[in-house]
Amino acid sequence: MSISASEALLQGERVKIIALNDITGEMVHNEELSWNRLIRVLTHEIMNTVTPIASLSHTLSQEVGDTDRSDRIDWKELKLGLDTIASSSDGLIKFVNTYRSLTHVSAPVKKPFFVRELIDKVEHLTRESVHQAGAVFLYEEKSDDILLYADENQLSQVFVNLVKNALQAGATKIKITAEIDFAETIKIAVSNNGRPISAESQEEIFVPFYTTKQEGTGIGLSLSRQIMRLHNGTLTLARSDQRMTTFLLHFK
């Protein structure tokens, strides 16, 4: 159920209009879209690995099973094919283990700490990468002494991932701002001036295993969002254009 309220002036009297909307259908539709995206990405990843394994296995089986050519088998070529199959199989096992880690995120061990302490830790963990990229790391606290009750290690993983993604996008400036808004919600923005995320990718970046990077696993943002959910928070892409890309974290 979605609830919204607005004020209006009717016949000189100020009234509040409250609207209740059943959004079950919309939620089911969004869930179906999410599943379709996930299945599409999983199918793509698995087929990319299984297809060469099946092809090589078929070819090698024919080579070994051909009695007329059994004395002319190229053992070097055979070993190369088996090594390729083994390597692809290892990649598939790694992929499955990655999926398992995504679906078994540990419950957060919460304790109180200042946001500034968390960002100092993130800055320390990413200092070398930021330096090598010739970038700068900035932090601005718009409210005094912002205190979080959360799992510091899990949240540092989220911020390190966002910083790493920014550097991979060619960012030279990464800025984190934190504040407590009018609703007493802690809001942290992570911005960078790297290459913007395409409009097509903006719809997919939180889908597990979706990635535009050649060496990417595609679980960083989906894992980060899951960690935020475990903290009763949200992780969203607020904007991404030629000027800036900003991810917004809300802690309720």
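These exercises look at buried and exposed residues in a predicted model.

**Exercise 1.** Is Leucine 20 buried or exposed?

*Solution.*
- Step 1: Locate the residue. Leucine 20 sits in strand β2, residues 13–21.
- Step 2: Take its relative accessible area, 57%.
- Step 3: Apply the cut-off. Exposed means over 50%, so Leucine 20 is exposed.
- Step 4: Look at the surroundings. Met1, Ile3, Ile18 and Leu20 make a nonpolar surface patch of about 500 Å².

**Exercise 2.** Is Serine 224 buried or exposed, and which residues does Serine 224 touch?

*Solution.*
- Step 1: Find Serine 224 in helix α6, residues 220–230.
- Step 2: Take its relative accessible area, 3%.
- Step 3: Buried means under 20%, so Serine 224 is buried.
- Step 4: Leave out residues up to four places away in sequence; Serine 224 then touches Val158, Asn161 and Leu235.

**Exercise 3.** Which helices and strands each supply at least two residues of the largest nonpolar core?

*Solution.*
- Step 1: Start with the core. It has 36 residues, and those with the most contacts inside it are Leu155, Phe159, Ile188, Phe247, Leu249 and Phe251.
- Step 2: List the suppliers. The helices are α3 (115–132), α4 (152–168) and α6. The strands are β5 (147–150), β6 (173–180), β7 (186–192), β8 (233–240) and β9 (245–251).
- Step 3: Pick out the top contributor. α4 gives the most, with seven residues.
- Step 4: Zoom in on Phenylalanine 159. Neighbours within four places aside, Phenylalanine 159 contacts Leu118, Ile119, Val122, Ile176, Ile188, Val190 and Leu249.
- Step 5: Recall the general trend. In soluble globular proteins, nonpolar side chains tend to be buried together.

Terms used:
Residues numbered from 1 in each chain as written. Predicted model: local features only at pLDDT ≥ 70, side-chain atom pairs only at ≥ 80, totals over all residues. Heavy atoms only, no water. Patch = residues over 30% accessible without salt bridge, like charges linked within 9 Å, V, L, I, M, F, W, Y side chains within 5 Å. Areas by Shrake-Rupley, 256 points an atom, 1.4 Å probe, with all protein chains shown as cover. Salt bridge = Lys/Arg side-chain N within 4 Å of Asp/Glu carboxyl O. Helix = DSSP H or I, 4+ residues; strand = E, 2+ residues; numbered from the N terminus. Buried < 20%, exposed > 50% of the residue type's maximum accessible area, 1.4 Å probe, protein only. Contact = heavy atoms within 4.5 Å. Core = buried A, V, L, I, M, F, W, Y, C linked by side-chain atoms within 4.5 Å.
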